[in-house]
Amino acid sequence: MPLLAERIKPLDGSGGGPLYRRIEDALREALRDQVLKPNEALPPERDLAADLSVSRITLRKALDALVDEGLLVRRHGAGTFVASRVEKQFAKLSSFSEDMAARGRIVRSEWLSRTEGAVTPDEALTLGLSPGAAVFRFNRIRYADDVAMALEHATIPGFGFEDIETVGSSLYAALEAAGNRPVRALQRLRAVLFNAEQAKLLGIEAGAPGLYIERRGFLSDGRVIEATQSWYRGDAYDFVAELDTRG
């Protein structure tokens with residue numbers, strides 16, 4: 001395989017600017033044009049620095065910026081890889097944890113809040129609950145391979161499971177264990193721009209494009225078991241739906 005320096009645009013062009021920025025721009029262009037393919041492993045940093053004739057400090061600064069953008073992924077003990085965009089199938093009712101695990105990604109969550117309380121009027125309308133009914137609220141950042149991918153806020157009726165501590169890494173796993181996993185869902189999607197607070201949580205720039213999804217999940221008896229709001233990074237997801245002309 002050709003050296004990486006032979007596969008990206010020259011660093012000594014007329015673009016100017018700090019060297020690490022030129023490396024960053026050259027790699028970003030190679031990623032955009034798929035000169036570097038999804039899931040492709042980059043050479044070890046020592047070899048890559050020698051290949052590009054730069055110091056490891058300069059190289060690391062460029063790679064850090066691309067990791068922060070979610071274009072590259074560092075996997076502990078394995079190296080740096082080109083991130084792959086996630087195709088989310090609308091035809092299948094699955095959780096974030098299941099989607100990522102199916103692609104061999106390591107999933108984790110950072111909890112922003114986990115609370116229990118009485119349903120609000122808006123929640124009562126969405127979930128079909130009576131005033132005063134108990135609900136659980138879960139607010140977290142979802143990660144895949146240590147890259148922040150989405151923000152998620154879920155509200156679950158109090159009958160969903162026994163205790164708020166029941167929920168670990170997967171909300172759907174907890175609901176399934178309680179016999180209350182949704183069997184169908186209604187979703188609404190729209191394009192959004194991340195505000196400053198959201199962007200800070202995801203480690204991206206304010207104003208970056210994203211996808212906002214509202215989901216209501218239903219049990220087989222028609223009761224609503226979840227109301228989830230998710231904000232997905234627009235640079236990391238492709239949402240796919242199969243369309244059919246048959247009735």
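S230 is found in strand β9 (residues 224–233). Strands here are DSSP runs of E with at least two residues, helices are runs of H or I with at least four, and both are numbered from the N terminus. At 5% relative accessibility, S230 counts as buried. Buried means under 20% relative accessible area, exposed means over 50%, and partly exposed lies in between, with a 1.4 Å probe and protein chains only. Leaving aside neighbours within four places in sequence, S230 is in contact with L151, E152, L211, Y212 and I213. Contact means heavy atoms within 4.5 Å.

This is a predicted model, in which local features need pLDDT of at least 70 and side-chain atom pairs count only at pLDDT 80 or more, while totals for chains, interfaces and linings use all residues. Residues are numbered from 1 along each chain as its sequence is written, and side-chain values use heavy atoms, with hydrogens and water left out.

**The chain overall**

The chain holds seven helices and ten strands. Its C-alpha atoms fill a box of roughly 65 × 45 × 30 Å, taken along the principal axes. Of the 247 residues in the chain, 42% are buried. Among contacts with a separation of 6 or more, 58% join residues 24 or more positions apart.

**Helices α1 and α3**

The table sets out two helices. The expected span of a helix is 1.5 Å times one less than its number of residues.

| Helix | Residues in helix | Distance between end C-alpha atoms | Expected span |
|---|---|---|---|
| α1 (residues 19–32) | 14 residues | 20 Å | 20 Å |
| α3 | 13 residues | 18 Å | 18 Å |

In α1, the end-to-end distance agrees with the expected span. The buried residues of α1 are Y20, I23, E24, A26, L27, A30 and L31. Seen down the axis of α1, they fall within an arc of 165°, so they line one face of the helix. The arc is that of the directions from the helix axis to the C-beta atoms. An α-helix has 3.6 residues a turn, so residues three or four places apart point the same way. The cover over the buried residues of α1 includes α2 (45–52), α3 (56–68), β1 (72–75) and β2 (79–82). After α1 comes Q34, with a positive phi near 60°.

In α3, L59, A62, L63, A65, L66 and V67 are buried. Their cover includes α1, α2 and β1.

T58 also sits in α3. Not counting residues up to four places away in sequence, T58 touches L19, Y20 and I23. T58 and I23 are 35 residues apart in sequence, and their C-alpha atoms are 8.7 Å apart in space. From the other side of this pair, I23 is in contact with L11, L52, V54, T58, L59 and A62, leaving aside neighbours within four places in sequence.

**The largest nonpolar core**

A nonpolar core is a set of buried Ala, Val, Leu, Ile, Met, Phe, Trp, Tyr and Cys residues joined through side-chain atoms within 4.5 Å. The largest one has 22 residues. Those that touch the most other members are I8, I23, L27, L36, L52, L59 and L72. The elements giving two or more residues to this core are α1, α2 and α3. α1 gives the most, with six residues.

**How α2 meets α3**

Two packed helices are described by the angle between their axes and the distance between the axes. α2 and α3 pack at an angle of about 105°, with their axes 9 Å apart. That makes α2 roughly perpendicular to α3. Angles of 65 to 115 degrees count as roughly perpendicular, under 35 as roughly parallel, over 145 as roughly antiparallel and the rest as oblique. Axes are lines fitted to C-alpha atoms, for helices over the stretch in contact, and angles run from 0 to 180 degrees between N-to-C directions. From α2, the residues at this meeting are E45, R46, L48, A49 and L52. From α3, they are R56, L59, R60 and L63.

S53 lies in the loop between α2 and α3. S53 is exposed, with a relative accessible area of 64%. Most residues other than glycine have a negative phi. S53 has a positive phi of about 60° although it is not a glycine.

**F81 in β2**

F81 is found in strand β2. At 13% relative accessibility, F81 counts as buried. Not counting residues up to four places away in sequence, F81 touches N39, E40, A41, L71, L72, V73 and R75. The C-alpha atoms of F81 and A178 are separated by 38 Å, with these positions 97 residues apart along the chain counted as their separation.
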